[in-house]
Amino acid sequence: MEKIMAIYTSDDIYALRLTDYLKKRKGIGFEILTFTNIDSFQEYIKHHKIEILLMERDLSEEIPKDHIRYLYKLTELPWEDDISSEQKIFKYQSAQKILSEVISDYTKRENQSGRIFDNNHKKVITLISSIPDRNKAAFAWAFAYLLSERRKVLFIPMELFPLPILSIIDDTNQSLSQLIYYLKESNPQIIVKMNPLLNYMDRLSYLSGLSSGLDLLSITQEDIKQWLQELRDNTDYQVIIFYFSFFSEAVMEVLRQSDNVIMISSQSDDQDVLKEWNRQLQFIGLSMPMEKLQQLFISKGEGIYKSSLTLQELQSSNLWNYAIESIRKLT
């Protein structure tokens, strides 16, 4: 049975529009219930558990708090100060933005719950390109986002020269470089150090933000082995996705340990470079069975030319369809 996301507001028109968007949104993972009458809301909550509640005013004295797992207060102003402890969401913004804020915060809180999955339920998927470009990176984000609608996903994009892809991605805090610093110090609590550095985009957890691309080149094979083991043993992610646009011993180790590898190329790639790439893979003995390898060709005309995209623009592109098809092939 799906968990309940409930909305309480006395504004009938607002409730109708927000509910209409939420019910049309695929992969949300919640049953959506809306209440505009306080009596019917109070009667329902007496007998049912609610996972997420969006509420327009403080009803803490009128409803059983133990029936609500996460409470979000819909505020009239973008920055509304009060003494209540509820997470606040600005009411008069797009429904997509409201949902993104709620699900991102929900995912963050769930990450801190301390649940551990059996290692047998974890998969490592690597997306890799010999020649980086914006289209391939955008595909990687689309792939990770789509898979996060089905599984609990951690996405780790590793590019020597990361460019802005999505307008809602936060790369300002250089989180990935900080994590690499802890990794190089052989910190025994690397996951404890990692969790506060994570960012969230709806259900997708991701780690990005570099001080310098040289930070990536400093990661050794032993570093990545330790990190992968910690991710398997001490997190509850069901899928860990890496995206690489360079090669190193550490990258090769991730490829060896991956359950699935998607090699991305495009029409504009230099064919001589691709041949040399394949030759070097064969030279180091990195041969992969066909059931593990998926080769993806992105045509030159896809055209991600803007400095950054909104999520809606990415969803409207052919790259989104490529990602859907790639995930279908894995399942």
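Two strands are taken to pair if DSSP finds at least two bridges between them. The pairings described below were derived on that basis from a predicted model.

Strand 7, which spans residues 153-158, pairs with two other strands. With strand 9 (residues 204-206) it shares 2 bridges, and the two run parallel; here L154 stands opposite S205 of strand 9. With strand 10 (residues 239-244) the pairing is again in the parallel sense and extends over 6 bridges, with L154 placed opposite I240. Strand 7 is mostly covered, since 6 of its 6 residues are buried. In a regular strand the side chains alternate between the two faces of the sheet. In strand 7, V153, F155 and P157 point one way, whereas L154, I156 and M158 point the other way, and all of these residues are buried.

A lysine-centred arrangement is found next to strand 7 in the sequence, at K152. The charged end of K152 sits over the ring of Y237, at 5.5 Å from the ring centre. The side chain of K152 is also joined to that of D236 by a polar contact of 2.8 Å. D236 belongs to the loop that lies between helix 8 (221-234) and strand 10. With a relative accessible area of 5%, D236 falls under the 20% limit and is therefore classed as buried. A second case of a charge over a ring involves K91 and Y14, where the charged end of K91 is 4.9 Å from the centre of the Y14 ring.

An open sheet of 5 strands was also identified, with the order 2-1-3-4-5 and parallel pairing. Its edges are formed by strand 2 (30-35) and strand 5 (87-90), each of which pairs on one side only. From one strand to the next, the twist averages 25°. Within this sheet, strand 1 (residues 3-8) and strand 3 (residues 50-55) run parallel and are joined by 4 bridges; M55 of strand 3 is the bridge partner of Y8. Helix 1 (residues 12-24) packs on the sheet and touches strand 1, strand 2 and strand 4 (68-75). The direction of helix 1 makes about 170° with that of strand 2.

Aromatic pairing was examined over the whole structure, and the search yielded 15 aromatic pairs. One of them is formed by F139 and F143, with a centre-to-centre distance of 6.0 Å and 40° between the planes, a tilted geometry. The two residues are 4 positions apart in helix 4 (residues 134-148), so about one helical turn separates them. F139 has a relative accessible area of 0% and is buried, and F143, at 0% relative accessibility, likewise counts as buried. The pair of Y181 and Y182 is edge-to-face, with 5.7 Å between the centres and 65° between the planes. The relative accessible area of Y182 is 22%, which makes this residue partly exposed, because the value lies between the 20% and 50% limits. Beyond these pairs, Y8, F35, F41 and Y44 form one aromatic cluster. Y8 thus appears in this cluster and as the bridge partner of M55.

Key:
Residues are numbered from 1 along each chain as its sequence is written. This is a predicted model: local features need pLDDT of at least 70, side-chain atom pairs count only at pLDDT 80 or more; totals for chains, interfaces and linings use all residues. Side-chain values use heavy atoms; hydrogens and water are left out. Axes are lines fitted to C-alpha atoms, for helices over the stretch in contact, and angles run from 0 to 180 degrees between N-to-C directions. Contact means heavy atoms within 4.5 Å. Buried means under 20% relative accessible area, exposed over 50%, partly exposed in between (1.4 Å probe, protein chains only). Rings of Phe, Tyr and Trp (its six-membered ring) pair if their centres lie within 6.5 Å; planes under 30 degrees apart count as stacked, over 60 as edge-to-face and the rest as tilted. A charge sits over a ring if NZ of Lys or CZ of Arg is within 6 Å of the ring centre and within 35 degrees of the ring normal. A polar contact is a pair of N or O atoms within 3.5 Å; within protein, one must be able to donate a hydrogen and the other to accept it, and residues adjacent in sequence count only if both atoms are side-chain atoms.
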